[in-house]
Amino acid sequence: DSLAIGDLVVLSHEHGIQKSHRGQLAVVYKLDERHCSVFVLDPRRRVTGECWPNYTSLAARESDVGRLGNRVKITKDRLWTGKTGTVVLHYSGNHPAFWDNVKLGCSQ
């Protein structure tokens, strides 16, 4: 299965990855021929940085639940717990985003 926008990946410990990002989780937001663009996450899964690793610099794909079009349910957030929605491309076109299905008039 190939890498896609919204995948959660683990950055490797390779020399080409910034030291503070090595071994960290990241969300893929753009795919290019030789590399991808990712938002680096902290342990609470908040964005702490950005990098552009080669595909060989990804240690593993942790999850594909955040792929565009997937339905998701928020489980660990102070305001959004229990909400269901769909992963869509943010209106800026730069990254995946959560779309609340209730606002769309869709059933949960």
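The following exchange covers the salt bridges, the sheet and a loop residue of one predicted model.

User: What do the values rest on, and how are residues numbered?

Analyst: This is a predicted model, in which local features need pLDDT of at least 70 and side-chain atom pairs count only at pLDDT 80 or more, while totals for chains, interfaces and linings use all residues. Residues are numbered from 1 along each chain as its sequence is written, and side-chain values use heavy atoms, with hydrogens and water left out.

User: Why is the pair Asp 7 and Arg 61 called a salt bridge?

Analyst: A salt bridge is a side-chain nitrogen of Lys or Arg within 4 Å of a carboxyl oxygen of Asp or Glu. The closest N and O atoms of Asp 7 and Arg 61 are 3.6 Å apart, so the pair meets the definition. By this rule the count comes to three salt bridges.

User: What makes the pair Asp 7 and Arg 61 a tie between separate parts of the chain?

Analyst: Asp 7 lies in the segment before strand 1 (8-11) and Arg 61 in strand 5 (residues 58-63), so the salt bridge ties together parts that are 54 residues apart in sequence. Strands here are DSSP runs (E, at least two residues), numbered from the N terminus.

User: Are Asp 7 and Arg 61 buried or exposed?

Analyst: Buried means under 20% relative accessible area, exposed over 50%, and partly exposed in between (1.4 Å probe, protein chains only). Asp 7 has 0% and is therefore buried. Arg 61, at 33%, is partly exposed.

User: How do you know that Asp 7 also pairs with Arg 67?

Analyst: Their side chains meet in a salt bridge at 2.6 Å, N to O. This pair links distant parts of the chain, 60 residues apart, with Arg 67 in the loop between strand 5 and strand 6 (71-73). Arg 67 counts as buried because its relative accessibility is 16%.

User: What else does the side chain of Arg 67 contact?

Analyst: A polar atom of the Arg 67 side chain lies 2.7 Å from the backbone oxygen of Ser 2.

User: What makes Arg 46 and Asp 42 a salt bridge, and how accessible are the two residues?

Analyst: The closest N and O atoms of Arg 46 and Asp 42 are 3.0 Å apart, and the pair forms a salt bridge. Arg 46 counts as partly exposed at 46% relative accessibility, whereas Asp 42 counts as buried at 14%. Elsewhere, salt bridges that share partners join Asp 7, Arg 61 and Arg 67 into one network.

User: Why are strand 4 and strand 5 called edge strands?

Analyst: The open sheet has five strands in the order 4-3-2-1-5, with antiparallel pairing. Strand 4 (47-51) and strand 5 each have a single partner strand, so one side of each is left without a neighbour in the sheet. The twist averages 35° from one strand to the next; this uses axes fitted as lines to C-alpha atoms, with angles from 0 to 180 degrees between N-to-C directions.

User: How do you know that strand 3 and strand 4 pair?

Analyst: Two strands pair if DSSP finds at least two bridges between them. Strand 3 (residues 36-41) and strand 4 have four bridges, in the antiparallel sense. One of the bridge partners in strand 4 is Val 47, opposite Leu 41.

User: What makes Arg 45 worth checking?

Analyst: Most residues other than glycine have a negative phi. Phi of Arg 45 is near 65°, a positive value in a residue other than glycine. Arg 45 lies in the loop between strand 3 and strand 4.

Conventions:
Polar contact = N/O pair within 3.5 Å; in protein donor to acceptor, adjacent residues only side chain to side chain.
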